[in-house]
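Welcome! Below are a few short exercises, each followed by a worked solution. Have a look at the structure first, then try each task before reading on.

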Amino acid sequence: MDNKVKNIAILGSTGSIGTQTLDIIEEYPERFHASVLTARRQWELLARQARKFMPKRVVIADHSLYAPLKEALSDLPIDVAAGEKAIAEAATLNQVDIVVTAMVGYSGLIPTIEAIKAGKTIALANKETLVVAGEIITRMIKESPSEIIPVDSEHSAIFQCLVGEKTSQARKIILTASGGPFRNMSREQLENVTVADALKHPNWDMGAKVTIDSASMMNKGFEMIEARWLFGCPPDKIEVVVHPQSIVHSMVEFNDGSIKAQLGVPDMHLPIRYALGYPERLSTDAPGLTLSQYSNLTFQAPDYGKFPLLAYAFDAIKAGGNMPCLMNAANEKGVAAFLAGRIRFTDMPRIVSHVMENAPFISTPSLDDLIKSNSVALSMADEWLAGHSS
């Protein structure tokens with residue numbers, strides 16, 4: 001067992017995954033230290049976190065918030081920086097052992113790439129990194145001492161099911177989905193759901209963007225693409241099943257017909273703890289799963305017609321190239337517009353479809369191509385919104 005205290009960089013420490021990662025660091029002070037904390041705009045929470053955990057460096061993405069953050073921490077020996085570039089640089093610091101990529105959306109891509117270049121262990125919670133640039137990231141990992149340990153509960157489950165197994169003997173990955181708050185609604189009812197309705201996830205406590213993606217099942221589409229790259233599994237060997245209880249976090253079927261599943265309470269502390277402690281399982285006093293409380297564990301096929309974004313994700317990964325990048329950018333715009341009350345819930349797939357059908361396709365994109373594709377898709381989504389927003 002390695003008794004060295006591991007220094008953790010949390011990119012996105014004020015979000016849902018970031019704050020729960022700090023819970024784990026606080027639970028095991030003899031094992032982990034938060035050496036880098038970053039946030040996009042929540043400088044006051046970032047300052048409170050810095051006072052409590054005393055990192056070496058904190059970074060705020062928004063330059064306009066540098067001054068109040070710097071002033072709030074002026075009495076402490078903590079480096080304060082600002083900007084996207086500073087976040088990427090912080091992920092490469094020599095003393096950092098593990099980088100937890102808890103940033104939301106496309107913004108996590110470049111910092112993850114820089115962390116891989118620096119040979120860091122990546123505790124990956126930013127699924128968009130692999131959605132946008134899965135082929136590039138996979139190639140970089142093969143050429144680097146860096147490794148990726150998934151933090152998403154579904155990918156952590158798959159990872160755990162594959163430990164000790166030959167990946168070549170895995171026949172199928174089975175991704176479970178809660179189905180979100182609208183699982184039993186009709187297509188007509190979905191036309192009138194509110195932001196408040198969509199933010200009421202039945203099982204998980206997540207940030208707003210991920211919660212909306214869960215309600216639309218776009219999140220499961222992202223996870224399918226992420227699984228394709230993490231585990232080298234073609235999309236036609238990945239099955240999505242709706243499991244409303246969120247107790248079975250995912251499964252792997254092997255070539256002898258056996259299926260392994262990972263079960264647990266719907267709590268992100270569990271996969272975060274596993275990722276930080278890997279390959280060891282860290283003991284905890286947190287409540288475990290009481291199976292007798294769950295007399296019914298059910299599974300059913302998703303309704304791709306009612307949740308077209310899930311179907312679009314399969315279309316995007318089959319097309320390959322820059323198509324997943326285009327899809328992701330359009331979805332980010334759609335989610336932001338829905339949260340702002342500019343469009344209906346059912347308009348989000350319309351934006352994504354418009355961009356996927358009309359943006360220039362690049363079959364073998366470079367990183368620069370993907371950066372440009374992201375910008376093009378955002379602009380096209382803005383144009384659609386200009387003509388359709390309420």
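Two strands pair if DSSP finds at least two bridges between them. Helices (H or I, at least four residues) and strands (E, at least two) are DSSP runs, numbered from the N terminus. This is a predicted model, in which local features need pLDDT of at least 70 and side-chain atom pairs count only at pLDDT 80 or more, while totals for chains, interfaces and linings use all residues. Residues are numbered from 1 along each chain as its sequence is written, and side-chain values use heavy atoms, with hydrogens and water left out.

**Exercise 1. Work out the strand order of the open sheet that contains β8, β9, β10 and β11.**

Step 1: Begin with β8 and β10, which run antiparallel and are joined by 5 bridges. Here Ile173 stands opposite Val252 in β10.

Step 2: Look at β8 and β9, which are parallel and also linked by 5 bridges. Ala177 has Val242 in β9 as its bridge partner.

Step 3: Add β11, which pairs with β10 (residues 248–254) in the antiparallel sense over 5 bridges. Met251 faces Ala261 of β11.

Step 4: Put the pieces together: the order is β9-β8-β10-β11, with mixed pairing. The edges are β9 (238–242) and β11 (259–263), each pairing on one side only. On average, neighbouring strands are turned by 20° against each other, direction ignored; such angles use axes, which are lines fitted to C-alpha atoms (for helices over the stretch in contact), and run from 0 to 180 degrees between N-to-C directions.

**Exercise 2. Find which strands α7 and α11 lie across.**

Step 1: Helix α7 (residues 153–162) lies across β8 (170–177), β10 and β11, at about 40° to β10.

Step 2: Helix α11 lies across β8 and β9, running at about 155° to β8.

**Exercise 3. Describe how α11 meets α14.**

Step 1: The axes of α11 (residues 218–230) and α14 (residues 323–339) come within 12 Å and cross at roughly 155°. That makes the two helices roughly antiparallel, a label for angles over 145 degrees, whereas under 35 is roughly parallel, 65 to 115 roughly perpendicular and the rest oblique.

Step 2: List the contact residues, where contact means heavy atoms within 4.5 Å. Helix α11 supplies Met218, Phe222 and Ile225, and α14 supplies Pro324, Met327, Asn328 and Asn331.

**Exercise 4. Is Ile149 buried or exposed?**

Step 1: Locate Ile149 in strand β7 (residues 147–150).

Step 2: Apply the cut-offs: buried is under 20% relative accessible area, exposed over 50%, and partly exposed in between (1.4 Å probe, protein chains only). Ile149 has 2% relative accessibility, so Ile149 is buried.

Step 3: Check the surroundings. Beyond neighbours within four places in sequence, the contacts of Ile149 include Thr121, Leu124, Phe159 and Tyr278. The C-alpha atoms of Ile149 and Thr121 are 7.5 Å apart, although 28 residues separate them along the chain.

**Exercise 5. Compare the backbone and the exposure of Met54 and Met217.**

Step 1: Met54 sits in the loop between α2 (43–53) and β3 (57–60). Phi of Met54 is near 50°, a positive value in a residue other than glycine.

Step 2: Met217 lies in the loop between α10 (208–216) and α11. Met217 has a positive phi of about 70°, though not a glycine.

Step 3: Met54 is partly exposed at 33% relative accessible area, whereas Met217 is buried at 2%.
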